[in-house]
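Student: I would like to learn how to read the places where parts of a protein meet. Could you take me through an example?

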Amino acid sequence: MTDAVVFVRERSEPLDPPPTLSGGALAWGRANLFSSFGSTLTTFAFVALALWLVPPLVRWATVDAVWSAPDGALCRQHQDGACWAFVAAKLDYLRFGSYPIAERWRVDAVEALGAALIGWLLWPSAPKRALGAVLFFVVYPVAGFILLRGAPVLGLPVVDTLLWGGILVSLLTALVGIVFALPFGVLLALGRRSELPVVRLASVLFIEFFRGVPFITILFMANTMLPLFVPEAWTPDRLLRPLIGMALFSAAYMAEEVRGGLQLLNRGQYEGAMALGLNYPRMMALVILPQALTMVIPGIVNNFVGLFMDTTLVSIVGVTDFLEAMNNAFKDPAWSGPTIMATGYVFAGLFYFVFCWGMARYSAHVERTLAKGRRT
Amino acid sequence: MNAALINDPRVRGFVYQGLLVAVLGALIVGGAYNAYVNMAARGIPMGFGFWDEVAGFDINLHLIPYSDLSTYGQAFWVGLANTLLVAAIGIPLTTLLGFAVGIARLSPNWLLSRSALLYTNVLRNTPLLLQLLFWYNAVLKTLPGPRQSIALGDWIFLNNRGLFLPAPVFRAGAPGFAAALATAVVAALLYRRWARRRQERTGRPAPVGWVAAGFVLGLPAIAILFAGLPFTLEAARLSGFNLRGGIPVIPEMAALVFGLVTFTAAFIAEIVRAGVQAVAHGQVEAAAALGLHRGLANRLVVVPQAMRLIVPPLTSQYLNLVKNSSLAVFVGYPDLVQIFAGTVLNQTQAAVQVMAITMAVYLAISIAVAVVLNLYNARYALKER
């Protein structure tokens, strides 16, 4: 008897590495940068372009830039770099406009409060979001207005709206846009889908009118025509007029977003609500709107981004928003120089970009989350 | 009985609508009354009599005859023409750029698609007004003067006075050239119809593209051989301190068109990308299974389906471009809003009439575009069976 010969291997051999061209950086490069002759050419062209463009831009913004200076003299000497010292010197003006320096903590408080409330509303798993919504849409506008405008009863001196400016006004305009536009837009959207012909016609006319004309003409209209249509004593404040225009304008766009959400909703939801014996307001408030509004959160946020960028136009009616404050800051003779304007506009661009791009990312994230929920 | 009446939805409907009509009517009547009182008190004209009054201001760009002796009505037409001019130049350019960037987004080359993404992200997330001011104040205004123009060959010059394009000067060959071109286009269309009919009948395809190109390029070329050049280009020339001749584009217009085109193109690129990606992958695979190579599959299967999704949002972007051209007022380009809702309104104080006319123009454009889009949708929408 001989021992059985065992042919089964007990230890596995070490794995061979994969071929160099099937994984890792080389394979990635081959698939994404050099997949064909044209692709290779494009890659080389872009690398050359980047080498030509990027280093000078980076040098302009960092190494060659003037970071701190008492006035524009240093910036005029260093003409091949940005003049960040200008932004630093004007930052307070850019944020608050001519708001009295002693009272600026009020602006900070309102902005911090608003940021906290928006965070509460936009964080999907936050507790008691309904309470947050009430605070944001009802309590916050009133409290914020009192804090900004001032109330002698509470020991807060009145600050005339003519002095408000800068980022404060930009955020305020956008916020008024959203706070008034969303409820009003929901009403308009419901009106447009109403079975009552007069209600439907009025909503359609309103929405299509405000969506059909440029925002500038609405601002002009609010500025020149609004004072004519109210009794002399009620003439709205100079800042209030564009805010009214902004609210009406954004309500029309918001209405179309909400209508999109209402249309996505299954008919069965309406029928189910009616079968439960809910009347129209309850059906809308308890069944339809919670679902429809959740579905259009990305659309609403995108709308808000557009709204925020549109706030730059209010300067046409003499309101000093962030961009207009920047334009005013350029006029300071102490800071005149060839690099000032480019620096200022790049800074403003970064400000808007960070804000809007962040919001856009958020809305894309919500959209993905919602899509996941709907698929299952 | 009463309770039944209250609960009757039809009765309720009438009550609600009656209330709405009453509120809206009160708002309108009250507003009109206030406007009447206020305008009378401030001596603001109430009719359209200002239309025929002498405007007394000059406009630095007018396509139709205009001088400071012209009327407000003529100023309106100048403004409208300038608005339409920006649209007519901007829409083709932004379509080209937008489709190019959109296709670049879909490129398999990582650098190219990432660069296109960077382009769309930056331009879509900064305000158009900021971009326009940047191009106008920080770029165009800081360019060198006419003597140190940035020149593209001897033909195109860019300086702080604007952009100077070469102007065509028509020659003796122009009528013959035009006739040849028209004949070629008609012939190409007829040939395409014939080829299509034959393919439907016999299944044999004909090289439509090559033949059409032959017609359109060949016939005019023959015309040039016999009758001479149709036109020659004449570039601007430095004389004294400025460039003369050619087609001068004022810097305001250059900045406005450039800003609008690049901004709108970013949105169009996203529409193109989304449209192409929305075509189901099975369609591409089915086309490959039928033996169509990539070019044919794109042309016959992907593009027709993608265009159906692209065209509606594309037209609304065109409309946005027209509406956004009202930002001209910030860079001083004399468009409808700047001339009419700006200068004319300030001089005549007739706010209600001027704003009503201005808005009516934009609404008319919006409605016209909507009608055309509906016709397109009715013709090309998927006929589901």
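**Reading two interfaces**

Tutor: Gladly! Let us begin inside chain B: between domain 2 of chain B and domain 3 of chain B, the count of salt bridges is 0. Keep in mind that this is a predicted model.

Student: How many residue pairs are in polar contact between domain 2 of chain B and domain 3 of chain B?

Tutor: That count is also 0, with both residues required to be at pLDDT 80 or more.

Student: Where do the domains of chain B lie in the sequence?

Tutor: Domain 1 covers 2-43, domain 2 joins 72-166 with 235-380, and domain 3 is 167-234. The centres of domain 2 and domain 3 of chain B, taken over C-alpha atoms, are 29 Å apart. Where these two touch, domain 2 of chain B brings 8 residues and domain 3 of chain B brings 4 residues.

Student: How is the size of an interface often given?

Tutor: A common choice is the accessible area lost when the parts come together. For domain 2 and domain 3 of chain B, about 370 Å² is buried between them, with carbon and sulfur atoms giving 65% of it. On the domain 2 side, B:W155, B:P166 and B:A235 supply 68% of the area buried against domain 3 of chain B, more than any other three residues. By class, the side of domain 2 that touches domain 3 in chain B has 6 nonpolar, 1 polar and 1 charged residues.

Student: Now for the two chains. What area is buried between chain B and chain A?

Tutor: About 4,200 Å², and 75% of that comes from carbon and sulfur atoms. Within the share of chain B, B:Q17, B:N125 and B:M359 supply 15% of the area buried against chain A, more than any other three residues. In residues, the contact takes 48 from chain B and 52 from chain A.

Student: Which polar links cross the interface of chain B and chain A?

Tutor: There are 12 residue pairs in polar contact, both partners at pLDDT 80 or more. Salt bridges between chain B and chain A number 0.

Student: Which helices of chain B supply at least two residues each to the side that touches chain A?

Tutor: They are α2 (9-42), α4 (110-124), α5 (128-140), α11 (328-331), α12 (336-348) and α13 (351-380). The largest share, 13 residues, comes from α2(B). Sorted by class, the side of chain B that touches chain A holds 31 nonpolar, 14 polar and 3 charged residues.

Notes:
Residues numbered from 1 in each chain as written. Chains lettered and ligands numbered in written order. Predicted model: local features only at pLDDT ≥ 70, side-chain atom pairs only at ≥ 80, totals over all residues. Heavy atoms only, no water. Contact = heavy atoms within 4.5 Å. Buried area = accessible area lost by both parts, 1.4 Å probe. Salt bridge = Lys/Arg side-chain N within 4 Å of Asp/Glu carboxyl O. Polar contact = N/O pair within 3.5 Å; in protein donor to acceptor, adjacent residues only side chain to side chain. Helix = DSSP H or I, 4+ residues; strand = E, 2+ residues; numbered from the N terminus. Nonpolar A, V, L, I, M, F, W, Y, C, P; charged D, E, K, R; others polar. Domains from an automatic or database assignment.
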